[in-house]
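Me: I am new to this structure and would like to know how its labels are justified. Please set each value against its cut-off.

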Amino acid sequence: MADMQTSDTPTPIKAVPLKHPGQWVVGVVIVALAALFVYGAATNDAYKWSTYGDYLFEQRILSGVGYTLALTVVSMIFGVILGVVVAVMRMSPNAVFRWTSWVYLWVFRGTPVYVQLVLWGLVGSIYQTVNLGVPWGPTLVQFDIQEFSLKNVFVVAVIGLALNEAAYMAEIVRAGISSVGEGQMEASTALGMSWWQAMRRTVLPQAMRVIIPPTGNEVISMLKTTSLVSAVPFTLDLFGRQRDISGVNFQPIPMLLVASTWYLVVTSVLMVGQHYLEKHYSKGSSRELSGRQLAALAAANEPIVEEGK
């Protein structure tokens, strides 16, 4: 009996992976080119590595990094909130909401962000004051826009970045909402929820799996877009600081390398955070089983051997 069972057991197949010598050749060439580039950059006097080391952790540069992070975080918060509102309006059964959101997207996605920031910097010249009151009657409240824009350049920069970002976030949120089946909305309506309640309690939470990945990309893009706030003009960010310093020491190349280094550092941290956030919201959506799940499945399918046989 034992010999029969042994002979019936199939011999395990030893799979030999297919060799790809061409990939090794290409890999060696890429590594060699990268090494040559690093060596050339390290020995090139134009990079001024001594100046790079002197200013990498200089106080003004670190302050610029802080302002850049503040611009990124605050602008994204308001951009996401406004983007969700615009996306919901875009999908609303109300025609006024739909057309208002469409015009908003048309304007802010159709014009360059640099042009928008320049116009926001000139808003004090376009509207010196804003009066609220009775039409053709007495003024109740008056806002001095010109003075506000001159004293609060950071706020103006945030407004310009957030309004532009909201247009793109609206399309991302709309795509996420569209990925949720219509049956979810129908079930929520059957439970007595209004359209707004169904969107807030049922549809949007399920759409997060689709919304999170491109939103992470938008955060990274926003970090780099903050370098354009000099159009407002706001010059306390990282790019503005390095430009002011290079205008004094006349060494723009090492100063641009300093700014690029800090942009890469912050971007790398954001990419790691994005990875774990995507992993959190993708739970239950992947068909690939983990090692523990595979072991449990194999244990459950093992044949039961009766005693005495």
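Reply: This is a predicted model. Tyr-47 can serve as the opening case, with a relative accessibility of 22%.

Me: Why is Tyr-47 called partly exposed?

Reply: Buried means under 20% and exposed means over 50%. At 22%, Tyr-47 falls in between, so Tyr-47 counts as partly exposed. Its place is in the loop between helix H2 (21-43) and helix H3 (49-55).

Me: What is Tyr-47 in contact with, leaving aside neighbours within four places in sequence?

Reply: Tyr-47 is in contact with Ala-41, Ile-253, Pro-254 and Leu-257. Tyr-47 and Pro-254 are 207 residues apart along the chain, and their C-alpha atoms are separated by 5.6 Å.

Me: What makes the pair Lys-151 and Glu-147 a salt bridge?

Reply: The rule asks for a side-chain nitrogen of Lys or Arg within 4 Å of a carboxyl oxygen of Asp or Glu. The closest N and O atoms of Lys-151 and Glu-147 are 2.7 Å apart, so the pair meets the rule. The two residues are 4 residues apart in helix H8 (residues 145-151), which means about one helical turn between them.

Me: How do you know whether Lys-151 is buried or exposed?

Reply: Lys-151 has 62% relative accessibility, and exposed means over 50%, so Lys-151 counts as exposed. Its partner Glu-147, at 37%, counts as partly exposed.

Me: Which residues are linked with Glu-171 in a network of salt bridges?

Reply: Arg-109 and Arg-174 are linked with Glu-171. For Glu-171 and Arg-174, the closest N and O atoms are 2.9 Å apart, and within 4 Å is what the rule needs.

How values were computed: Residues are numbered from 1 along each chain as its sequence is written. This is a predicted model: local features need pLDDT of at least 70, side-chain atom pairs count only at pLDDT 80 or more; totals for chains, interfaces and linings use all residues. Side-chain values use heavy atoms; hydrogens and water are left out. Buried means under 20% relative accessible area, exposed over 50%, partly exposed in between (1.4 Å probe, protein chains only). Contact means heavy atoms within 4.5 Å.
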